[in-house]
Amino acid sequence: MDTIRIATAMYHRDLTCQHLGIQLDDLGPGRALMRMRVTATMTNGHGTVHGGYLFLLADAAFAYASNTHGPAAVAQHAQVTFLRPAEVHDELLAEAVERVRAGRNGVYDVTVRRPTGEAVAEFRGHSVMLSGRPSIAPGQ
């Protein structure tokens, strides 16, 4: 099973993304594009999207991009910078791009934006591959 198929199969087991309506739009070696429509239940006391949902969307794109190479990869560090508020009914895109891989480590940048290109958040994630452990069990 090639690594893109493994990462795609991982998405079908991702109940969090499915529950929140986060869609995997595109996937390639070291990159992923995900989409989420903001609902009223995702807002905070200011009426804007809770930062945790923005982080989750970016983290999901990071997860799929970092799992396109073989052994399972997991986050070892991540940070986010919130640039603009997002609101109910906004459609948000999270585009993850691999910056570098060195041995079992990888660095990925994710931009969360509106379809117009306006950036809402910037995220950087550092991954580590789990030696010898496939992303999902064979046959799943």
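Let me start at H89, a residue whose place is in the loop between β3 and β4. Before I go further, please keep in mind that everything I describe today comes from a predicted model. With a relative accessibility of 61%, H89 counts as exposed, because the cut-off for that word is over 50%. What is the phi of H89 near? The value is near 80°, which is positive, and H89 is a residue other than glycine. For background, most residues other than glycine have a negative phi.

The next residue in that loop brings us to the salt bridges, of which the structure holds eleven. The side chains of D90 and R114 meet in one of them, at 3.2 Å from N to O. This pair links distant parts of the chain, since D90 sits in the loop between β3 and β4 while R114 sits in the loop between β5 and β6, 24 residues apart. Are these two partners buried or exposed? D90 counts as buried at 18% relative accessibility, because buried means under 20%, and R114 is buried as well, with a relative accessible area of 15%.

R114 also takes part in a salt bridge with E118, where the two side chains meet at 2.6 Å, N to O. Elsewhere, salt bridges that share partners join D25, R35, R37 and E91 into one network.

E118, in turn, has a side chain that meets the side chain of R84 in a salt bridge of 3.2 Å, again N to O. Here too the pair links distant parts of the chain, with R84 in the loop between β3 and β4 and E118 in the loop between β5 and β6, 34 residues apart. R84 counts as partly exposed at 37% relative accessibility, and E118 is partly exposed too, with a relative accessible area of 32%.

Let me turn now to helix α3, which runs over residues 51-66 and so has 16 residues. From its first C-alpha to its last, α3 reaches 22 Å, which is close to the 22 Å expected at 1.5 Å a residue. Which residues of α3 are buried? They are L54, L57, A58, A60, A61, F62, Y64, A65 and S66. It may help to recall that an α-helix has 3.6 residues a turn, so residues three or four places apart point the same way. A61, whose place is in α3, counts as buried at 0% relative accessibility. The C-alpha atoms of A61 and T8 are separated by 12 Å, although these two residues lie 53 residues apart along the chain.

The same helix matters for our next topic, the nonpolar core. The largest nonpolar core has 32 residues, and those with the most contacts inside it are M34, L57, Y64, L92, V110 and V112. Which elements give two or more residues to this core? They are α1 (3-12), α2 (15-20), β1 (23-28), β2 (31-37), α3, β4, β5 and β6. The largest share, eight residues, comes from α3.

From the core I move to the empty space inside the model. The count comes to one cavity of 30 Å³ or more, and about 40 Å³ of space lies in the largest cavity. Its lining is made by S66, A73, R101, G103, R104, N105, G106, Y108, S127 and M129, and S66 is a residue we have already met among the buried ones of α3. In terms of character, the lining divides into three nonpolar, five polar and two charged residues. Which strand gives the most to this lining? β5 does, with three residues, while β5 (105-113) and β6 (119-134) each supply at least two.

I will finish with P71, which is found in strand β3. With a relative accessible area of 28%, P71 is partly exposed, because this value falls between the 20% and 50% cut-offs. The C-alpha atoms of P71 and T3 are separated by 8.8 Å, and these two residues are 68 residues apart along the chain.

Methods. Residues are numbered from 1 along each chain as its sequence is written. This is a predicted model: local features need pLDDT of at least 70, side-chain atom pairs count only at pLDDT 80 or more; totals for chains, interfaces and linings use all residues. Side-chain values use heavy atoms; hydrogens and water are left out. Helices (H or I, at least four residues) and strands (E, at least two) are DSSP runs, numbered from the N terminus. The expected span of a helix is 1.5 Å times one less than its number of residues. Buried means under 20% relative accessible area, exposed over 50%, partly exposed in between (1.4 Å probe, protein chains only). On a 1 Å grid over the protein atoms alone, a cavity is a set of points where a 1.4 Å probe fits but cannot get out, and a pocket is an open set with protein on both sides within 12 Å along at least five of seven lines; lining residues have an atom within 4 Å of a point. Grid points are joined across faces, edges and corners, and a volume is the space filled by probe spheres set on the points. Ala, Val, Leu, Ile, Met, Phe, Trp, Tyr, Cys and Pro count as nonpolar, Asp, Glu, Lys and Arg as charged, and the others, Gly among them, as polar. A salt bridge is a side-chain nitrogen of Lys or Arg within 4 Å of a carboxyl oxygen of Asp or Glu. A nonpolar core is a set of buried Ala, Val, Leu, Ile, Met, Phe, Trp, Tyr and Cys residues joined through side-chain atoms within 4.5 Å.
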